[in-house]
Amino acid sequence: MAQGSGEGGRVLREGHPFVPYQTEPVTAEETIWRATAHRDASERRRSVREFDRRDVPRATIEQILLAASTSPSGAHRQPWTFVAVRNPAIKVKIREAAEEEERRNYSGRMPEDWLAALAPLGTDEVKTHLTDAPWIVVVFAQKHGLDDHGERVKHYYVRESVGMACGMLVAAAHAAGLAALTHTPSPMAFLGELLGRPSHEQAYVVVPIGFPSPDCLVPDIRRKDLAEVGVFFDVDRIEGD
Ligand SMILES: Cc1cc2nc3c(=O)[nH]c(=O)nc-3n(C[C@H](O)[C@H](O)[C@H](O)COP(=O)(O)O)c2cc1C
């Protein structure tokens, strides 16, 4: 039960503050073209592995991180840390360590089927994007939090939450007119050591962000169409009828 109405429509529900959901009015028809415009923009996003060395302002990266951090998360714990690296010496160290692991992956550690799946993407153990991109954002998943007294705070659905935040991070970079790559060097424990993260944080993904190089090529991939990814139980028809 809501009690009282305070500043900005703030009310208490079972003693917890709630505020009115702020949204602009949209008609049902408008949702179609808005969704279509967003889909068109999303279609243009590609994973980029060839970056221009042109710098990107720190202010842009700050906004991208804040956008990613608006992601839904289990019990609103926001169990992520984004470490944004522009420092060239640190980027070189990350690249060297990542390439060392990837050399082992590509020369024996990855099974044949994985290598075959990667072949069309043209990836190998050379990771120029880690030093060419002006920024690399290393995302860490927090297994638990710490309160003001250093006591553990339980986190819920950590990997699902961080995965969603990473999707929003990549989308935010794209919306800013930048390119990004989702890079998962494996194993990636070296990142926690290199970046001095506490033991309750696990490296989750590396996201180089920057402008694509002028002659950047991307694999000519096809995305699944709606019939392959969507199943509808609509109001007037049962699928298969
Ligand atoms: C969880 C995950 C891990 C990925 N790891 C790598 C990686 O380590 N190296 C890489 O070059 N691309 C990596 N990718 C990018 C995919 O190869 C890419 O998203 C896919 O080929 C589709 O291309 P697109 O992003 O341009 O649509 C990863 C993507 C995801 C979602």
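**Figure 1. A look into the largest nonpolar core of this predicted model.** The core here has 39 residues, and Ile136, Val138, Val139, Leu169, Val207 and Ile209 are the ones that touch the most other members. Seven elements are worth finding in this view, since each gives two or more residues to the core: helices H2 (58-68), H3 (88-109) and H6 (158-175), along with strands S4 (80-85), S5 (135-142), S8 (179-180) and S9 (201-210). H6 chips in with the largest share, eight residues. As a bit of background, nonpolar side chains in soluble globular proteins tend to be buried together.

**Figure 2. Zooming in on Leu169 and its contacts.** Leu169 is one of the core residues that touch the most other members. Setting aside neighbours within four places in sequence, Leu169 is in contact with Ile64, Ala68, Val137 and Val207. Two of those names, Ile64 and Ala68, come up again in the next view as buried residues of H2.

**Figure 3. Helix H2 and its two faces.** Pick out Ile61, Ile64 and Ala68, the buried residues of H2. Looking down the helix axis, these buried residues fall within an arc of 60°, so they line one face of H2. What do they pack against? The answer is S4, S5, H6 and S9. Turn to the face directed away from that buried side and you'll meet Ala59, Glu62 and Leu66, which are exposed.

**Figure 4. Ala203, a buried spot on strand S9.** Ala203 sits in S9, and S9 is one of the elements that give two or more residues to the largest nonpolar core. Why does Ala203 count as buried? Because Ala203 has 23 C-beta neighbours inside 10 Å, and 20 or more is what it takes. Leaving out residues up to four places away in sequence, Ala203 touches Val138, Phe140, Met188, Ala189, Leu191 and Gly192. Ser186 is also worth marking: Ala203 and Ser186 are 17 residues apart along the chain, and their C-alpha atoms are separated by 10 Å.

**Figure 5. Leu194 in helix H7.** This helix covers residues 190-194. Leu194 is partly exposed, with 18 other C-beta atoms within 10 Å. Not counting residues up to four places away in sequence, Leu194 touches Lys93, Ile94 and Ala97. How far is Leu194 from Ile64, going by their C-alpha atoms? They are separated by 23 Å, with their positions 130 residues apart along the chain.

**Figure 6. Around the ligand.** Which residues surround the ligand? Going along the chain, they are Arg46, Ser47, Arg49, Leu121, Thr123, Leu181, Thr182, His183, Thr184, Val218 and Ile221. Sorted by class, this shell is a mix of four nonpolar, five polar and two charged residues.

**Figure 7. Stepping back to the two assigned domains.** The domain assignment gives domain 1 as residues 1-44 and domain 2 as residues 48-218. Their C-alpha centres lie 30 Å apart. For the wider setting, the protein has eight helices and nine strands, and its C-alpha trace spans about 65 × 60 × 35 Å along the principal axes. Of its 241 residues, 22% count as buried. Among contacts with a separation of 6 or more, 75% are between residues 24 or more positions apart.

Technical notes. Residues numbered from 1 in each chain as written. Predicted model: local features only at pLDDT ≥ 70, side-chain atom pairs only at ≥ 80, totals over all residues. Near = placed C-beta within 6 Å. Nonpolar A, V, L, I, M, F, W, Y, C, P; charged D, E, K, R; others polar. Domains from an automatic or database assignment. Core = buried A, V, L, I, M, F, W, Y, C linked by C-beta atoms within 7 Å. Buried ≥ 20, exposed ≤ 12 C-beta atoms within 10 Å, placed from the backbone. Helix = DSSP H or I, 4+ residues; strand = E, 2+ residues; numbered from the N terminus. Contact = placed C-beta atoms within 7 Å. Arc of directions from axis to C-beta.
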